[in-house]
Amino acid sequence: MDRFAYKYLFVEKKIKDSIRTFKVDTKIDGERKFAEELGISYMTVRKAVDHLVDDGFLYRIPRQGTYVASRKVMARKKQK
């Protein structure tokens, strides 16, 4: 596995772990803040968040931020 894939998967897991305790519709920290905290490139975090949005774990509202999606959506994604 190349370095980018490892970092990408690491970031995705960290974000998933952190949002498990959040209530639905809670705004998460910005991608730049995650990047700074983890010491990883902003674009790597961006790709991980994009993937979590595509998978239904998060959703975005333009110019407002990224939010935790419904737990029902998360449960359906896990079953697949």
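## A tour from loop to helix pair

Start at D25, which sits in the loop between α1 and α2. The model you have open is predicted. D25 is partly exposed, because its relative accessible area is 48%, and partly exposed covers the range between 20% and 50%. Now check its backbone. What is the sign of phi at D25? Phi is positive here, about 70°, although D25 is not a glycine. That deserves a look because most residues other than glycine have a negative phi.

**Zoom out to the whole chain.** Colour by secondary structure. You should find four helices and two strands. Read from the N terminus, the order is α-α-α-β-β-α. The chain has 80 residues, and 29% of them are buried. Switch on the surface. The accessible area of the chain is about 5700 Å², and carbon and sulfur atoms supply 53% of that. Next, think about contacts with a sequence separation of 6 or more. Of these, 53% join residues 24 or more positions apart.

**Select E12.** This residue belongs to helix α1, residues 3–19. Is E12 buried or exposed? E12 is buried, because its relative accessible area is 8% and the cut-off for buried is under 20%. Show side chains around E12. Leaving out residues up to four places away in sequence, E12 touches A48, H51 and L52. Draw a distance to H51. The side chains of E12 and H51 make a polar contact of 3.0 Å.

**Move to helix α3.** Select residues 42–54 for α3, then add residues 31–38 for α2. How do these two helices pack? Their axes are 8 Å apart, and the angle is about 120°. The two helices are therefore oblique to each other. Rotate until one helix lies over the other. The crossing of α2 past α3 is right-handed. Now show the side chains where they meet. On the α2 side, pick E31, R32, F34 and A35. On the α3 side, pick Y42, V45, R46 and V49.

**Stay on E31.** This residue lies in α2. E31 counts as buried because its relative accessibility is 11%. Which residues does E31 touch, not counting those up to four places away in sequence? The list is Y42, V45, R46, V49 and R60. Four residues named at the helix meeting, Y42, V45, R46 and V49, lie in α3. R60 falls in the β1 range, 58–61. Draw a distance from E31 to R46. Their side chains are joined by a polar contact of 3.0 Å. Then try E31 to V49, using C-alpha atoms. The two are 18 residues apart in sequence, and 7.8 Å apart in space.

**Finish at R63.** Follow the chain to the two strands, β1 (58–61) and β2 (65–68). R63 lies in the loop between them. Is R63 buried or exposed? R63 is exposed, because its relative accessible area is 90% and the cut-off for exposed is over 50%. Check the backbone once more. Phi at R63 is positive, about 70°, and R63 is not a glycine.

**Last view.** Select D25 and R63 together. D25 is in the α1–α2 loop, while R63 is in the β1–β2 loop. D25 is partly exposed, whereas R63 is exposed. Add E12 and E31 to the selection. E12 is buried, and E31 counts as buried too. Keep their polar partners on display: H51 for E12, and R46 for E31.

Technical notes
Residues numbered from 1 in each chain as written. Heavy atoms only, no water. Buried < 20%, exposed > 50% of the residue type's maximum accessible area, 1.4 Å probe, protein only. Contact = heavy atoms within 4.5 Å. Polar contact = N/O pair within 3.5 Å; in protein donor to acceptor, adjacent residues only side chain to side chain. Areas by Shrake-Rupley, 256 points an atom, 1.4 Å probe, with all protein chains shown as cover. Axes fitted to C-alpha atoms, helices over the stretch in contact; angles between N-to-C directions. Parallel < 35°, antiparallel > 145°, perpendicular 65-115°, else oblique. Left-handed = near helix turned anticlockwise from the far one by under 90°.
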